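Reader: Thanks for sitting down with me. Could you walk me through this one, a few residues at a time?

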Amino acid sequence: MAEVLSSNLGYPRIGEKREWKKALEQFWAGKISKDVFLATVKKLRLSYLKKQKDLGVDLIPVGDFSLYDHVLDTAVLFGLIPDRFNKGDKKIPLETYFSIARGDKEAEASEMTKWFNTNYHYIVPEISNKTRPFITENRLLTLFNEAKNELDIIAKPVIVGPVTLLRLSKGYDRDHFRPLLESLIPLYVRVFNELKDAGAEWVQIDEPVLVGTLSQEDLEVFRETYRSIRNGVRGLKLLLQTYFEAIDGYEEIIKLPVDGIGLDFVDGREANLSLLQTAGFPKDKVLAAGVIDGRNVWKTDLAATFDLLSKLLGYVGGKDKLFVSPSSNLLHVPVTVRNEASLDPLLKNALSFADEKLTETVTLVKGLNSGKAAIEADIRKSRDDLQALQQSDHRNNKNVQRELRHLGSELPSRPGSFRLRRQIQKDAFQLPILPTTTIGSFPQTPEVRQARRNLRKGEWSEEQYNQFIKDETGKWIKIQENIGVDVLVHGEFERNDMVEYFGEKLAGFAFTRFGWVQSYGSRCVKPPLIFGDVAWQKPITVKESAYAQSLTKLPVKGMLTGPVTIYNWSFVRNDISQADVFNQIALALKKEVHALEEADIRMIQVDEPALREGLPLKEKKKAGYLHDAVYAFRLATSFVNNDTQVHTHMCYSEFDEIIEAIDALDTDVISIEAARSHGEIISTFEDFKYEKGIGLGVYDIHSPRIPSVDEIKSYAERALQVLDPKLFWINPDCGLKTRKPEEAIPALKNMVEAAHEVRKELESKIGK
């Protein structure tokens, strides 16, 4: 009897309590051997597969697990190794794999950037025109056989598709795209045929570039690619998987010679549903319906989703032509709600993490196969839990809602133009040309983390903890002065995370204990839950900033996280508009900025590193998002006095398409990552004349290597070919939280020395 099947697109790698992260970092630190490390991660990998099997998932993925990043895995599989790491190995050593991601003493790491509009970072493959792909090792085959032999699972291998892989790569001329693609396709065919011979039934080919804006040429590329793959692969079913939005070129894509197409009915729900209604769906293909939100943490309304799936059944050729799945890989959500014993039951009952989402998926499949009555109890519970939260006081703060109603439609504006502010601030701060600063955080040493644990466990009093923070702050103020940094920061030693710290002090936020997700490599973050109306309650940063300023005559920046980043790096309620949440956070931060200004903190940095990552994937939606983002930032900052210098910081994104919005923020100084992407951002300023203060990062802080003075000078000198020296600042790419003191201090010394050398060369030309 034909039945609907449940399918998973990918499972979190990190483990319920970050066991994966801990194993990685122990291996990198030399605390465990390679054999112990590989045995540990294999045990984790198998436990994830067994869990999915026990939950009742029909199509369980392999290849989603990674030792660092799935895009890097795919690049390495096909021998797409940057020249500086290529030692001619047919099988890429583990050490080389990690060096590509992290850098080593001899070579810089590959660029890292955001995975579409998420907070996950992938390693950008580097390909030259002369690159000749080859199969280093069919890791998918190894992982498939592992699942089959050890757990009796006929898994669904998952791989980044060839078009997406090349579109996300860099280093080659665009006229070499077709030749590179033609050389890759036979390798994909070989990988797939080896999987078929091992007993695989389905393979999931991820092509998320299909949700962007496609040209006719792009559609022709997909036609040719999948025609070639289909001609070379027989007896293996191909699932073309998309996510994060509705697909472009729908009528062309559904004609591709594949056996199934995965569509997102969460982020792309209305558009994808409309496409099905107007153009239909092929009766000979499976529709893999992503109906469970793979990127947010709220429980699914099972009644509404069951109705949607029932409607989708009407467009396909039978129950055996429908898969039910999450809308994306579940690496974007935490592992399980089960461990969150301290959460308010009102909130906990409304949450769904990866394990719970798979349970919801299986439940819906049960209802479709056995009848709605079989899941009525589950449907009632999901609706009751969601309604209880919706009707709570948390989501009905009358003061916040009144403030929102009184906002105008015009962009808030600073009292004076940038030209006026610049002169006032120049007189006030008396900074040298090419002033040096850092982005905000300093190393979170084991001692700093232990102090936080001591406070949390009650082993230290508030007084002991506060004294420790004062001592750390004083030590690093002195270090900065001794190095010769011009504008200082207090170091953020009191902060566990740049978003969580603020959320803990604002109404409308809640926090999990084990709600970790992977950001990049072993770097995991624990996003707050914005579950209610956001409101400022009391000063958040004033005490630490004012104390640091009291220790020095040099300016100390007050450090805040901006409204758009707080939104994009949180799990956010989905019952009101994005713009309303932006503005709720901005109104709260406005009160904090005012409190800093009242405490005579005259430089205030409001960081927006996540502004770009929230950019919609569809062109027609981008202008609205950017307007709302700029409005919220200016709502939080534009009221300050002309002699208060507003800074912001952004990192690890493609900035060229939002440069006008960056300019519209109307900050006095912006710092942007440049070194990790090897200075490519500089070309943006050849085309766009940016006339406000700007610092382009002169070294990559995510690599443990210490850059030389000459290397740092080269970045600064290249930037100064297109930027006004009188407006240029020198700073690292990002905060130094993840670095050790023995890495951070020498790097900063080299940065300051490089700045002095470039400054001397400039002063003779433009005057002091």
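Reader: In which loop is phenylalanine 244 found?

Author: Happy to start there, with the reminder that this is a predicted model. Phenylalanine 244 has a phi near 85 degrees, a positive value in a residue other than glycine. As for its place, phenylalanine 244 is found in the loop between β7 (237-241) and α9 (250-253).

Reader: Is phenylalanine 244 buried or exposed?

Author: The cut-off to use is that buried means under 20% relative accessible area. Phenylalanine 244 has 2% relative accessibility, so this residue counts as buried.

Reader: What is the phi of aspartate 666, and is this residue buried or exposed?

Author: Aspartate 666 sits in the loop between α24 (659-664) and β19 (669-672). Its phi is positive, about 60 degrees, although aspartate 666 is not a glycine. With relative accessibility at 18%, and the limit for buried being under 20%, aspartate 666 counts as buried.

Reader: Let's turn to charges. How many salt bridges does the structure hold?

Author: Some background helps: side chains of opposite charge can pair when their charged atoms come close. For the count, the cut-off is a side-chain nitrogen of Lys or Arg within 4 Å of a carboxyl oxygen of Asp or Glu. By that rule, the structure holds 53 salt bridges.

Reader: Which residue does arginine 338 meet in a salt bridge at 2.8 Å?

Author: Arginine 338 lies in the loop between β10 (322-326) and α12 (345-348), and its partner, 322 residues away, lies in the loop between β1 and α1. That partner is partly exposed, with a relative accessible area of 21%. The side chains meet at 2.8 Å, N to O, and the partner is glutamate 16.

Reader: Which residues are linked with glutamate 16 in a network of salt bridges?

Author: The pair of arginine 338 and glutamate 16 meets in a salt bridge. Both belong to a network of salt bridges, in which Glu16 is linked with Lys51, Arg338 and Asp355.

Reader: How far apart are the N and O atoms in the salt bridge of aspartate 73 and arginine 139?

Author: This pair links distant parts of the chain, 66 residues apart: aspartate 73 is in helix α3 (residues 70-77) and arginine 139 in helix α5 (residues 139-151). Aspartate 73 counts as buried at 6% relative accessibility. The N to O distance of their salt bridge is 3.7 Å.

Reader: Arginine 573 forms a salt bridge with aspartate 575; which of the two is partly exposed?

Author: The closest N and O atoms of this salt bridge are 2.8 Å apart. Arginine 573, at 3% relative accessibility, counts as buried. The partner has a relative accessible area of 27%, so the partly exposed residue is aspartate 575.

Reader: Which residues form the positive surface patch that includes Lys17?

Author: Lysine 17 is found in the loop between β1 (5-6) and α1 (19-28). Lysine 17 is partly exposed, with a relative accessible area of 39%. The patch is formed by Lys17 together with Lys22, Arg456, Lys457 and Arg513.

Reader: One last stop: how far is the backbone oxygen of leucine 9 from a polar atom of the side chain of glutamine 204?

Author: Glutamine 204 lies in strand β6 (residues 202-206). Its relative accessible area is 0%, so glutamine 204 is buried. A polar atom of its side chain lies from the backbone oxygen of leucine 9 at a distance of 3.5 Å.

Notes:
Residues are numbered from 1 along each chain as its sequence is written. This is a predicted model: local features need pLDDT of at least 70, side-chain atom pairs count only at pLDDT 80 or more; totals for chains, interfaces and linings use all residues. Side-chain values use heavy atoms; hydrogens and water are left out. Patches are made of residues with over 30% relative accessible area and no salt bridge: like charges are joined within 9 Å, nonpolar side chains (Val, Leu, Ile, Met, Phe, Trp, Tyr) within 5 Å. Accessible areas come from the Shrake-Rupley method with a 1.4 Å probe; for residues, only the protein chains shown count as cover. Lys and Arg count as positive and Asp and Glu as negative; His and the chain ends are not counted. The place of a charge is taken as NZ of Lys, CZ of Arg, CG of Asp or CD of Glu. Helices (H or I, at least four residues) and strands (E, at least two) are DSSP runs, numbered from the N terminus. Buried means under 20% relative accessible area, exposed over 50%, partly exposed in between (1.4 Å probe, protein chains only). A polar contact is a pair of N or O atoms within 3.5 Å; within protein, one must be able to donate a hydrogen and the other to accept it, and residues adjacent in sequence count only if both atoms are side-chain atoms.
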